[in-house]
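Colleague: I have not looked at this structure before, so could you walk me through some of its contacts? Let me put it on the screen.

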Amino acid sequence: MGAGHSVGRRDSDAGAGGEDRLSALPDDVLVSILVKLRDAAAAARASVLARRWRSLWPLLPELAFADGIQHHRIVPALAAHEALDLRDIQVATREASVEYLAVWLPIAARRLSGSMHLRVVWHEGEAEVRAALEPEQRGAILLPCFRRATSVVLEFSFLRLVLPPSGVFARLQILMLVGILVYGQCSLGDAVSSPRCPCLKVLFVQSARGLGSFRIHFRSLLQLQLSDLRDMQQLTVVAPLLQFLRVRWCFTNVAYALNPSQPVARISAPLLEKLEWMCDFVPSSVQLGEMPPHLRRLVAGIIMVYGSDCIAPHNRCCIGILQRSERLAALRLCLAYPPVIGNYKYLTEDMTRLPDVDYLTLDIFSCGHSFGPSSFHLLRMCSRLTILKIRFSCQLPAQTGCFSGCICDQLPNWKTEELGLIWLEEVQILSFAGTEHEVAFLKRLFSWATSLKRMMVTFHDSITESKGRELQQLLLSFSRPEICICILPCSAPS
């Protein structure tokens with residue numbers, strides 16, 4: 001307490017010619033202290049500590065405006081800022097004033113030599129109101145050319161974005177666009193392709209509208225992630241260095257509207273290593289050519305185990321993607337059941353071949369049904385499997401079975417036939433709730449996996465400590481002495 005009082009007194013005396021020890025510190029030390037505050041307003045307020053600090057906060061190489069900052073406060077802060085090389089700008093605002101954005105974004109673009117993250121956060125219910133507005137009522141933002149920026153992240157909500165018709169993003173390596181409505185004459189493909197983004201390595205576009213035809217050509221791109229682009233009609237990707245491609249929930253509005261003979265996706269990526277393709281297509285609407293020889297990991301979407309005739313094309317698309325590969329290091333599939341099967345058809349038998357795979361992940365959305373028959377059908381096509389991960393869907397604790405008389409368990413071969421999973425050494429079970437169907441499947445799995453060495457189990461978060469001990473003893477009763485069963489703490493599955 002005494003020391004703190006002494007510093008405060010001496011600092012106040014500095015105005016009368018007394019000693020100011022804080023001001024005696026080198027500029028780079030003072031600037032590093034202010035940077036650690038991670039908030040531009042807090043850094044400005046810290047200037048009361050010493051006279052020299054008042055002129056230092058405008059020299060900060062990083063500016064972070066706290067969540068909820070109003071746009072009219074950003075403009076003077078940037079205008080007063082003297083650092084010509086800003087390496088980081090973080091803005092989280094609850095306003096979306098097109099007028100103020102039009103003022104401060106060009107200033108930021110001129111000074112930024114690093115990364116920027118702009119996030120527009122709406123009040124509860126406000127996003128729905130704005131979504132109902134006509135596009136003309138939302139205003140439009142002209143995106144300036146960030147010539148020296150290395151990373152730009154824009155999270156908008158129903159704001160129209162006009163892309164710059166000219167200029168080169170010479171150093172840009174990461175571009176993330178979320179919730180934009182592309183507007184104007186310049187297409188997104190023209191703006192981000194190699195001639196104007198020669199160093200781009202990662203492109204992430206989510207929940208965007210107004211893309212229509214998306215054609216991109218990259219010489220440097222390594223990762224491309226496209227999610228929830230519902231009105232996209234054509235996708236053309238030419239990326240000779242691309243290693244990771246994710247296309248999820250795209251083409252929703254046109255998946256079955258186009259002529260099946262007219263491709264909606266053309267992908268050329270000879271060095272692709274990981275592919276996540278989760279879209280509704282008829283198989284002929286995707287042109288991937290021969291699967292790249294470097295492809296090691298595949299996420300192929302959802303297989304509906306039961307369904308009507310209109311569901312079959314969805315499954316055929318997933319099956320078509322799977323049958324393009326002969327050998328994979330890792331494969332991830334999802335088996336999904338309807339809440340009520342009724343008179344639906346059993347659809348899994350349409351899948352007759354899987355790639356030769358080492359590591360299989362099954363996400364099972366069983367809705368309380370028996371998933372043994374469908375899982376058995378898949379596993380008997382994976383004879384060289386070494387690691388199996390099963391992630392059960394979150395379900396209500398009381399949901400332990402389906403309705404009486406349900407046909408889900410009327411394919412009895414999985415209960416009697418043997419599987420030769422002689423290479424399977426490790427099994428991972430996530431969100432295990434100990435339902436009748438889960439227990440029955442694991443009991444059979446122990447008998448199929450004759451070389452099993454390890455089983456790691458994570459319980460569903462509804463399982464109590466005493467119930468957990470009971471389930472552990474149950475698993476041990478199925479196990480063999482050479483198998484190590486490890487119970488892991490509950491955590492969100494990856």
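Colleague: Which residue does Glu465 meet in a salt bridge?

Modeller: In this predicted model, the side chain of Glu465 meets that of Arg469 in a salt bridge, with 3.3 Å from N to O.

Colleague: And how far apart are those two in the helix?

Modeller: Because Glu465 and Arg469 are four residues apart in helix H13, which covers residues 465-478, about one helical turn separates them.

Colleague: Is Glu465 buried or exposed?

Modeller: Glu465 is exposed, with a relative accessible area of 62%, while Arg469 has 48% and is therefore partly exposed, as the exposed class begins over 50%.

Colleague: Which residues are joined into one network by salt bridges that share partners?

Modeller: That network consists of Arg209, Asp228 and Arg230. Within it, the side chains of Asp228 and Arg230 form a salt bridge of 2.8 Å, taken from N to O.

Colleague: What about the accessibility of Asp228?

Modeller: Asp228 has a relative accessibility of 18%, and because buried means under 20%, Asp228 counts as buried. Its partner Arg230, on the other hand, counts as partly exposed at 40%.

Colleague: How many salt bridges are there in the whole structure?

Modeller: A search of the whole structure gives 16 salt bridges. Another one of them is between the side chains of Arg327 and Asp358, at 2.9 Å from N to O. This pair links distant parts of the chain, since Arg327 lies in strand E17 (residues 327-336) and Asp358 in strand E19 (residues 356-365), with their positions 31 residues apart along the chain. Arg327 counts as partly exposed, at 37% relative accessibility.

Colleague: Let's go back to the helices. At what angle do H12 and H13 pack?

Modeller: Helix H12, residues 436-448, packs with H13 at an angle of about 35°, and their axes are 9 Å apart. The crossing in which H12 passes H13 is right-handed.

Colleague: Which residues make that contact?

Modeller: From H12 the contact uses Val439, Leu442, Lys443 and Phe446, and from H13 it uses Leu474, Leu475 and Phe478. Sorted by class, the contact of H12 with H13 has six nonpolar residues, no polar ones and one charged.

Colleague: Okay, and how does H10 pack with H12?

Modeller: Helix H10, which runs over residues 372-379, packs with H12 at an angle of about 25°, and the axes of the two are 11 Å apart. Because angles under 35 degrees count as roughly parallel, H10 is roughly parallel to H12. The crossing of H10 and H12 is right-handed.

Colleague: Who meets whom there, and what classes do the residues fall into?

Modeller: On the H10 side there are Gly372, Ser375, Phe376 and Leu379, and they meet Phe441, Leu445 and Trp448 in H12. The residues of the contact of H10 with H12 divide into five nonpolar and two polar, with no charged residue.

Colleague: One last topic: where is Gln234?

Modeller: Gln234 is in strand E10, which covers residues 234-238. With a relative accessible area of 13%, Gln234 is buried.

Colleague: How many residues along the chain separate Gln234 from Gly212?

Modeller: Gln234 and Gly212 are 22 residues apart along the chain, and in the model their C-alpha atoms are separated by 6.6 Å.

Notes: Residues are numbered from 1 along each chain as its sequence is written. This is a predicted model: local features need pLDDT of at least 70, side-chain atom pairs count only at pLDDT 80 or more; totals for chains, interfaces and linings use all residues. Side-chain values use heavy atoms; hydrogens and water are left out. Buried means under 20% relative accessible area, exposed over 50%, partly exposed in between (1.4 Å probe, protein chains only). A salt bridge is a side-chain nitrogen of Lys or Arg within 4 Å of a carboxyl oxygen of Asp or Glu. Axes are lines fitted to C-alpha atoms, for helices over the stretch in contact, and angles run from 0 to 180 degrees between N-to-C directions. A crossing is left-handed if the near helix is turned anticlockwise from the far one by less than a right angle, and right-handed if clockwise. Contact means heavy atoms within 4.5 Å. Ala, Val, Leu, Ile, Met, Phe, Trp, Tyr, Cys and Pro count as nonpolar, Asp, Glu, Lys and Arg as charged, and the others, Gly among them, as polar. Angles under 35 degrees count as roughly parallel, over 145 as roughly antiparallel, 65 to 115 as roughly perpendicular and the rest as oblique.
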